[in-house]
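Biologist: I'd like to learn how to read strand pairing in a model. Can you walk me through it with an example?

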Amino acid sequence: MQDEIANSLRGHKADYIEIRLEESKATRIIYRGNRLEEIGRTSSLGGNVRALVKGGWGFVSFNNVNKLQDKVELAVKQASIVGKEASKFSPAKSVTDVVTAETRKNPMTVQLASKKQLFDEYNDIILSTPKIQTSNIGYNDGQRKITFANSEGTYIEQTKVDISLRLAAIASENGQVQQIGLSLGSQGDFSAIEGLQEQVKQMAQRAVGLLSAPQAKGGEYTVVLDPVLAGVFAHEAFGHLSEADHVYENKRLQDIMVLGRKFGSEHLNIVDGAAVPGLRGSYKYDDEGIPATKTYLIREGILENRLHSRETAAKMGEKPTGNARAINYLFPPIVRMTNTYIEPGTLSFGDIISDIREGIYVKDWYGGTTSLEMFTFSAAEAYMIRNSKIAELLRPVVLSGNVFVTLSNIDAIGNDLQMNQGGGCGKGGQSPLPVSNGSPHIRIRRCLVGGS
Amino acid sequence: MEDILSQAKKVAEQAEVFQISSKMTPIHFEANRLKQIQDKENIRTALRLIKGGKVGFAQISGSIEPSALVEMAVETCQFGMPAKFNFPNPKVYPKIDTFDSQIDAVTIDDMVELGEQIIAKIRQHTSEILCEASITRGIASVHIINSEGGEASYNKSFSNLSLEGVLIKDEDMLFVGDSHSSCHPILDFGPIAEEVIKQLEFAKRNVGISTKSMPVIFTPHGVVSSLIAPLVSAFNGKLVFDGASPLKDKLGEQVFDKSFSLWDDSTLPYQIASYPCDDEGVPSQRTPFVENGVVSHFFYDLQTAALANTQSTGNGSRHGGLPTPSPSSLVISKGDASFWDMVGDIKEGLVVELMIGAEQGNILNGDFSGNVLLGYKIENGEITGRVKDTMVAGNVYQVLKQLEAIGNDTRWVEGFLLTPSLHCSSLSVASKAG
């Protein structure tokens, strides 16, 4: 196959061509309440060709991996229709490598029966909690072998294993319905989702607790974010804005996102990097064959870097960061985050809430989205803070704000960094991409909270 | 496919093979210029078995080795859910128009020209805007066969034009956009350009708004981005059966405003969500969810319907796995108020054009709470500008229980919802500026 790929890349009038072939298998298990509703296996074989001609792109995806030569020709032809100027594409060293998945307990080797037994146990814990109406469990694992080759001589085979698990407990009483979820994941280690009985039990009890909780009053508050939610904040509020594909063709946004600009206090450091090992967003090479890096987006409050593909880096005169990712062969790679986190500071949780007379402590992730300037994310759990103490439980709240203002309103950063491996990121129709995000506890002044 | 079915029949009581193949050509404009042309071919084959009374499932994308697919499905059977249904016998399907052969006549050049024209039109209005546009044409073929003799197949053509514009002034970003989908080729960019220009006009200047309860008008885009997700989950037969829907005991009860009706309709000609049969081979139909405010029906696939002791409504849809209940096209009844009549009645209020994050709230309970990405302030019966840093929170059952007015400005949004603007008398609005 390697020779066939190399042959089909030769002799075309294109500035750059790449071929990606992908073989994958996956398992999915879904519970709703006491029913195991779906258990299924899938496998897939497909690929794509991407060609660059005079700044224009052609992209062809297919399941039939024969006649690669024809697909390359079609992609080049399409790119030629689009291309009208000189291509800009960062130079890269050609690489030949085979990367195998490093797995502690590969889910592919765990019997379906054992997986089911584990989820049965979690489900029983949720459903046996009084006032719990029902549960949802969604489990996915998958192994993908990706063969990547380009017209510059790079040939890389990478195998990746991903696991994700989402549990939700749904409590109901007097027509009220409340839920709490728990999202977990791992790059290839099934044991990361084992032994969670105590966590699952607490989750179910918290969902019941929400039934009698009041809703927050909408308005501006001092909010304290736990590591999970602060990680989502780093991802949504700042991470997406750091993706250079939003910026590279947009002069006005470039003026806003100028490197060296002050975005926050000197204690604020935000990092993204697939080179940080062992996390769901970790890898050796991105989907353009560029080695992974660890990139400081904000260092000591100053915008230092952004996330790049080869094209965005070249157009902005910066270096590629290895952040071009495609969720699968049906899509071309675009600029994506990997593992995104706020670096820890020095304060304890007690220090952070010590001078808050009235505020809201928000915990755990429910969702989040951004329009670059405005972001919104929701906490699964919230408590009032009164006179420096955690007070009554509130219904889940949605926080929203303007990234430029909010980052500068972060005035305290904890010392307790935790990474969250659950969930996934969506962009340009490609979802859910395995990522992780994290943070220590942080405090934000004047944050907008939706409520009654 | 026949080969898979015959092998599967040897090892299982019942079997069903579902195959979808598609070919689509999307082209993308970025920063006002053509950036990429794509060509995507995809084929997916799924096998569902009932063996030992339990459901097994496997799916392969790409070329199939029938025995491998059967083996994978058999492995899952032992753990699968007990099957409460039989695969459908031969049926007579309604004739639903989902294919327009004119789609083949659309060339790449036509698509490029359409994109260039719409971007030029928008820039004529606002020269400094940066537009992203996508134009797609495609065809898909669906084929289902089962061991009970059931067989269905149909072709669908589809076309989409979507545009999103961003206008940045200092640190102020304005996002505008619209899209249109059809089984007919889309050749006219006019309605989308008109909508986007309307949004630009309304958002010409930024104005502050108070933090308090006030009247809110949801435009069709506002309805889809705020209110639909909680409704879709509440009418899902699966959530009803689980007891997780707030409407579970409300069949036949007046829950919504008397003037509010909502139905699902997979039979509408040339709508991209239409089909002669769903992904399990059940004939398509129109299913009323709310008739004059009264909850009248939930939507089902075969298995959920059997569990709930009712009939499938032809809403079994596959999203990469087993069929599950999903709406096709949703329609909200049209009212008689013009948009400007509704605006004219409001002294101080808000028009929600687009909300982000609304689905992150407790949608099971009907709660929504999100950031108004695009919204306009109403003062003394007139739209005076765009509001920013503003959140709206509410409960869909409270909003739809008493509507002030329903618009006559009905239109399709997101390819699956036909809705007018909805005017509700009071919602909680929180704003930084206030």
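Modeller: Sure. Start with what counts as pairing: two strands pair if DSSP finds at least two bridges between them. Keep in mind that what you see here is a predicted model.

Biologist: How many bridges join strand S3 of chain A to strand S2 of chain B, and in which sense do they run?

Modeller: Five bridges join S3(A), residues 56-62, to S2(B), residues 33-51, and the two strands run parallel. To find the spot on screen, look for Trp57(A), which stands opposite Gln36(B) in S2(B).

Biologist: And how many residues does each chain bring to the contact?

Modeller: Chain A puts in 67 residues and chain B 57 residues. On chain A's side, strand S2 (residues 35-53) gives the most, with twelve residues. By type, that side of chain A divides into 23 nonpolar, 33 polar and eleven charged residues.

Biologist: Back to basics for a moment. What do strands of a sheet pair through?

Modeller: Strands of a sheet pair through backbone hydrogen bonds, and the pairing can be parallel or antiparallel. For the antiparallel sort, go to strand S21 of chain B, residues 422-431. Six bridges join S21(B) to strand S7 (residues 212-218) of chain B, with Ile217(B) partnered by His423(B). Strand S17 (residues 390-395) of chain B is also antiparallel to S21(B), over four bridges, and there Thr390(B) has Ser431(B) as its bridge partner. Strand S18 (residues 403-406) of chain B adds another antiparallel pairing with S21(B), over three bridges; look for Ile406(B) opposite Leu422(B).

Biologist: Why is S21(B) described as largely enclosed by the rest of the structure?

Modeller: Here you need the cut-off: a residue is buried if 20 or more other C-beta atoms lie within 10 Å of its own. Eight of the ten residues of S21(B) are buried, so the strand is largely enclosed. Across chain B, buried residues make up 54% of the 434 residues.

Biologist: What about chain B as a whole: how many helices and strands does it have?

Modeller: Ten helices and 21 strands. Its radius of gyration is 24 Å, close to the 22 Å that the globule rule gives for 434 residues, so chain B is as compact as a globular protein of that length. Along the principal axes, its C-alpha atoms fill a box of roughly 70 × 55 × 35 Å. Take the contacts in chain B between residues at least 6 apart in sequence: 70% of them join residues at least 24 apart.

Biologist: Now for whole sheets. What is the strand order in the six-stranded open sheet of chain B?

Modeller: Reading across, S10-S9-S8-S13-S20-S19, with mixed pairing. S10 (294-295) and S19 (411-413) of chain B each have a single partner strand, so one side of each is left without a neighbour in the sheet. Inside that order, S8(B) (residues 262-265) and S9(B) (residues 286-291) are antiparallel over four bridges, and Trp263(B) stands opposite Pro288(B).

Biologist: Which strands are at the edges of the six-stranded open sheet in chain A?

Modeller: The order there is S11-S10-S9-S14-S23-S20, again an open sheet with mixed pairing. S11 (302-303) and S20 (418-420) of chain A are the edge strands, pairing on one side only. For a parallel pair, pick S14(A) (residues 339-342) and S23(A) (residues 436-439), joined by three bridges, where Asn339(A) partners Ser436(A).

Biologist: Which helix lies across those strands, and at what angle to S23(A)?

Modeller: Helix H5 (residues 227-239) of chain A lies across S9, S10, S14, S20 and S23 of chain A, running at about 115° to S23(A).

Key: Residues numbered from 1 in each chain as written. Chains lettered and ligands numbered in written order. Predicted model: local features only at pLDDT ≥ 70, side-chain atom pairs only at ≥ 80, totals over all residues. Buried ≥ 20, exposed ≤ 12 C-beta atoms within 10 Å, placed from the backbone. Contact = placed C-beta atoms within 7 Å. Nonpolar A, V, L, I, M, F, W, Y, C, P; charged D, E, K, R; others polar. Rg over C-alpha atoms; globule rule 2.2 N^0.38 Å. Axes fitted to C-alpha atoms, helices over the stretch in contact; angles between N-to-C directions.
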